[in-house]
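Please walk through the model below with attention to how its helices pack and where its open and enclosed spaces lie.

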Amino acid sequence: MPDSAPYPHPLAPYAVPPGRTRGRLVPEPESEGRGPFQRDRDRIVHSTAFRRLKHKTQVFVVHEGDHYRTRLTHSLEVAQIARSVARRLSLNEDLAEALALAHDLGHPPFGHAGEEALNAAMAGFGGFDHNAQALKVVTLLERRYGAFDGLNLAWETLEGLAKHNGPVTDPPPYVAAFAARFDLDLAGHASAEAQVAALADDVAYTNHDLDDGLRAGLFTLADLRHLPLVGEAIGEAERAYPGLGADRLHHETIRRLINRMVADLVAESARRLDAAAPASAEAIRRLGAPVVAFSAAGAAANATIKAFLFARMYRHFRVNRMTSKAKRVVRELFAGLLAEPNCLPTEWQEEAGAPGDARTASLVCDYIAGMTDRFALDEHRRLFDLSATTTA
């Protein structure tokens, strides 16, 4: 397809060309003045699922405070990092941004607690995976357009969503079924842009979880001084601004840590790309190994920071209590609606099967996965609290 608009700077030969795509499942005329991945980005941003991310948990449930990350703010931070890395590697920023903005569209309410509960509830029906659910959202569950279900995104965007964690050798049921209709080359590596979006996700959540954990008082900067990269960032901030107050030192540390991680990611990825010398985006998919990666030292540092967060944040008793309650809400919603699908809203009932069957389980899973934290809590009250109103 011809370019819809000139790209603002030259791209590497292995970048996905900005004005060309392998196509869409439902053919459409290209948009005047926008490339296909700009159009994908715009459809993602205008989707209902994207707006719902504002009220979906990252770590802290939204009513615990106004300044903690939500899935929406996380997605915006991932997009910012992905664009920056893609530009420095001369890759297609628009595709990297679209993938970053869409990567969490399939997350259920209550963060990983909600995902674990849904996966357990769906154990007899193929399980639940938020990456597979993101693909389902953009190819089926969003219903806004007259000509198709989903957002009808470009092949390269769908490929990147399906392969957020790399090649898919044992695809979840929906991914396998969709790939049978629109082959996403699941066994190959994704584009360099998709790899950038995945690692930008890593940078973003490591840093913002440190930031939110400090804000919540789960640990202090003193507790972080022994961590690789973090201790160096704290020292650098202290040397730059002697006597700086704790809050500003906290923020100066996080911004320096992000810069250090991004610099390591760019340097190692540039080294790998130079060594492999791929001549096209297709060559990236056939290399047999990722080209976007942290250095060995950077990956080890990131793993150490994550281990600290696991022990001091994700397993903190305050987080454990909310996790336990959130799982209970999701389990009870799923079990109640699976047994009595006539309690679903009318438009959902119309697509349900019999109580307890696979079709109903899949539908109930989609219904719950699309909920915000607040709606899930309200729906739980409506279903199980006799004093609560039954209207949505």
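Helices here are DSSP runs of H or I with at least four residues, numbered from the N terminus. The model is a predicted one, and with that in mind the second largest pocket makes a convenient starting point. Helix α17, which spans residues 358–369, gives the most to the lining of this pocket, with six residues. Besides α17, the helices α2 (48–52), α6 and α16 (346–349) each supply at least two residues of that lining. The second largest pocket has a volume of about 730 Å³, and of the 29 residues that line it, R52, L141, W348, D366 and Y367 lie nearest its centre. Sorted by class, its lining holds 13 nonpolar, six polar and 10 charged residues.

The largest pocket has a volume of about 900 Å³, and among the 43 residues that line it, those closest to its centre are R71, H107, H112, H130 and Y205. Helices α3 (71–88), α5 (111–121), α6 (130–141), α9, α14 (296–314) and α15 (317–339) each contribute at least two residues to this lining, with α9 giving the most, namely eight residues. By class, the lining of the largest pocket consists of 18 nonpolar, 16 polar and nine charged residues. Helix α6 thus appears in the account of the largest pocket and again in that of the second largest pocket.

Turning from pockets to enclosed space, a search of the whole structure finds one cavity of 30 Å³ or more, and the volume of the largest cavity is about 30 Å³. The residues lining this cavity are L99, H103, G160, L161, H164, A194 and A197, and both α7 (155–162) and α9 (192–216) supply at least two of them. This lining divides into four nonpolar and three polar residues, with no charged residue.

A last feature to follow is the packing of two helices. How do the axes of helix α1 and helix α4 cross? The axes of α1 (residues 36–45) and α4 (residues 93–102) come within 8 Å and cross at roughly 20°. Because angles under 35 degrees count as roughly parallel, α1 is roughly parallel to α4. The crossing of these two helices is left-handed. On the α1 side, F37, Q38, D40, R41, I44 and V45 meet D94, L95, E97, A98, L101 and A102 of α4, and by class this contact has seven nonpolar, one polar and four charged residues.

How values were computed. Residues numbered from 1 in each chain as written. Predicted model: local features only at pLDDT ≥ 70, side-chain atom pairs only at ≥ 80, totals over all residues. Heavy atoms only, no water. Axes fitted to C-alpha atoms, helices over the stretch in contact; angles between N-to-C directions. Parallel < 35°, antiparallel > 145°, perpendicular 65-115°, else oblique. Left-handed = near helix turned anticlockwise from the far one by under 90°. Contact = heavy atoms within 4.5 Å. Nonpolar A, V, L, I, M, F, W, Y, C, P; charged D, E, K, R; others polar. 1 Å grid on protein atoms, 1.4 Å probe; cavity = no way out; pocket = protein on both sides within 12 Å on 5 of 7 lines; lining within 4 Å. Points joined across faces, edges and corners; volume = space filled by probe spheres on them.
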